[in-house]
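Hi everyone, thanks for squeezing me in. I'd like to walk you through an interface today, so let's get the structure up on the screen.

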Number of protein chains: 2
Amino acid sequence: MKIAVIIAAGGTGKRMGRPKQFLPLAGRAVVEWTIEVFRKVKDVDQIILVVSGEDLERAKNLGVKVVEGGEERGDSVKNGLKAISPDCDLVIIQDGARPLITPDIIEKAIGEAQEHGAVVVGVPVKDTIKKVERGALIVERSLDRDELWHAQTPQIFRYDIITRAYAKRASATDDAKLVEDLGIKVKMVMGSYENIKITTPEDVIVAEAILRNRNVLPK
Amino acid sequence: MKIAVIIAAGGTGKRMGRPKQFLPLAGRAVVEWTIEVFRKVKDVDQIILVVSGEDLERAKNLGVKVVEGGEERGDSVKNGLKAISPDCDLVIIQDGARPLITPDIIEKAIGEAQEHGAVVVGVPVKDTIKKVERGALIVERSLDRDELWHAQTPQIFRYDIITRAYAKRASATDDAKLVEDLGIKVKMVMGSYENIKITTPEDVIVAEAILRNRNVLPK
């Protein structure tokens with residue numbers, strides 16, 4: 001089996017002033033931690049890192065194939081897909097800003113993807129989720145949380161499925177949504193609440209606490 | 001204006017083996033941190049701590065009125081409501097296991113509660129939320145995240161509204177839901193992503209990192 005990994009790190013950090021994937025996390029860029037995890041996964045054949053034009057230079061030292069992203073996240077993933085050898089079986093799409101994913105979850109998701117063709121890693125929601133009217137912020141209703149999951153990454157697809165999904169449209173912040181829209185059933189795979197997305201400097205602090213707790217960093 | 005606070009700490013920690021509200025957080029029980037925050041809030045007239053029978057003894061040293069809880073969270077809040085002087089204007093209901101709430105958010109929510117009668121503090125969801133079939137874990141659909149919020153606490157209500165809601169029913173993990181079910185409009189108030197609920201030992205590590213970052217603990 002051949003597996004290609006697309007690490008989506010094309011954001012330009014409009015909200016934070018600097019791209020979040022390159023924030024320092026215990027001495028290394030967030031995205032370096034992410035890449036490192038996938039290097040440990042069996043059958044991973046190619047890792048493609050998609051970054052914005054301004055990050056191309058620093059990304060070249062990370063030891064993986066680098067591709068320039070596009071305007072939106074979907075454009076970036078599309079560019080990543082073009083760079084993959086078409087003989088691969090599965091494509092893993094991973095947020096560059098999720099460095100706390102672990103090889104065991106990835107391997108479990110790969111197993112499910114071989115069976116189902118399309119999987120997304122996520123966790124059940126813990127809080128009550130409410131649907132709130134935009135603007136006025138009045139609660140419309142409370143949702144039944146037993147059936148609600150947060151989608152995270154990795155999301156893993158058969159090569160033919162994800163290329164077909166992106167051939168049709170490329171405007172999703174969530175790749176599985178494009179596949180669902182093709183009418184293909186997507187399987188949810190239990191991830192971890194620690195698999196957070198680093199979007200603020202506070203998240204870096206949380207991530208360092210998690211790494212310390214895993215004994216990856218000294219306590 | 002008179003405000004009563006009910007701190008719901010009646011859980012018996014079935015999942016964790018010990019009640020999460022009494023986990024040590026930087027040298028003090030989680031619930032002590034929670035109480036401390038409400039002591040700093042203007043117009044707070046009484047603080048009522050609801051705990052399980054087995055926690056009554058240790059709760060008595062915390063300097064607030066202690067009430068024994070019931071079987072479910074709703075029963076505990078109901079017991080707390082009975083202990084409030086009926087001349088109070090607003091009732092704040094707070095999870096004992098959310099020690100990272102801040103006085104500024106509480107005061108903003110109190111202001112909104114004076115205007116609207118019923119408010120819940122929450123934050124917009126960041127990840128994509130998917131509705132997943134129970135058992136098979138197949139994704140049914142992706143929800144439009146622009147209108148979805150996590151409900152947290154505090155939740156604040158006019159005294160007459162919350163007593164009416166609990167007179168009717170008492171089986172909610174979320175107090176605002178009971179009020180919504182009366183047909184009363186509930187206003188969402190922006191909280192903080194740091195206002196996490198401590199449910200696992202890992203959450204304690206995250207909470208300590210947040211306290212260090214706030215300079216409450218030494219770095």
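I'll go through how chain A and chain B touch, starting with the overall numbers and ending with the strands.

One thing up front: this is a predicted model. Okay, so how many residues does each chain put into the contact? It's 44 residues from chain B and 44 residues from chain A. The area buried between the two chains is about 4000 Å², and carbon and sulfur atoms give 53% of that. On the chain B side, the residues that lose the most area to chain A are Lys130(B), Arg134(B) and Glu147(B); together they make up 16% of what that side buries.

Now the polar part. We get 14 salt bridges across the interface of chain B and chain A. One to click on is Asp146(B) with Arg134(A), where the closest N and O atoms sit 3.3 Å apart. For polar contacts, the count between the chains is 28 residue pairs, both residues at pLDDT 80 or more.

Which elements does chain B bring to this? Those giving two or more residues include strands E8, E9, E10 and E11, plus helices H6 and H7. H7(B) gives the most, with seven residues. By class, the chain B side has 18 nonpolar, six polar and 20 charged residues.

Last bit, the strands. E10 of chain A, residues 148-158, is joined to E8(B) by three bridges, and the two strands run antiparallel. If you want a spot to zoom in on, His150(A) stands opposite Ile129(B), which is in E8(B).

That's my tour, happy to spin the view around.

How values were computed: Residues are numbered from 1 along each chain as its sequence is written. Chains are lettered from A and ligands numbered from 1 in the order in which they are written. This is a predicted model: local features need pLDDT of at least 70, side-chain atom pairs count only at pLDDT 80 or more; totals for chains, interfaces and linings use all residues. Side-chain values use heavy atoms; hydrogens and water are left out. Contact means heavy atoms within 4.5 Å. Buried area is the accessible area (1.4 Å probe) that two parts lose on being put together, summed over both. A salt bridge is a side-chain nitrogen of Lys or Arg within 4 Å of a carboxyl oxygen of Asp or Glu. A polar contact is a pair of N or O atoms within 3.5 Å; within protein, one must be able to donate a hydrogen and the other to accept it, and residues adjacent in sequence count only if both atoms are side-chain atoms. Helices (H or I, at least four residues) and strands (E, at least two) are DSSP runs, numbered from the N terminus. Ala, Val, Leu, Ile, Met, Phe, Trp, Tyr, Cys and Pro count as nonpolar, Asp, Glu, Lys and Arg as charged, and the others, Gly among them, as polar. Two strands pair if DSSP finds at least two bridges between them.
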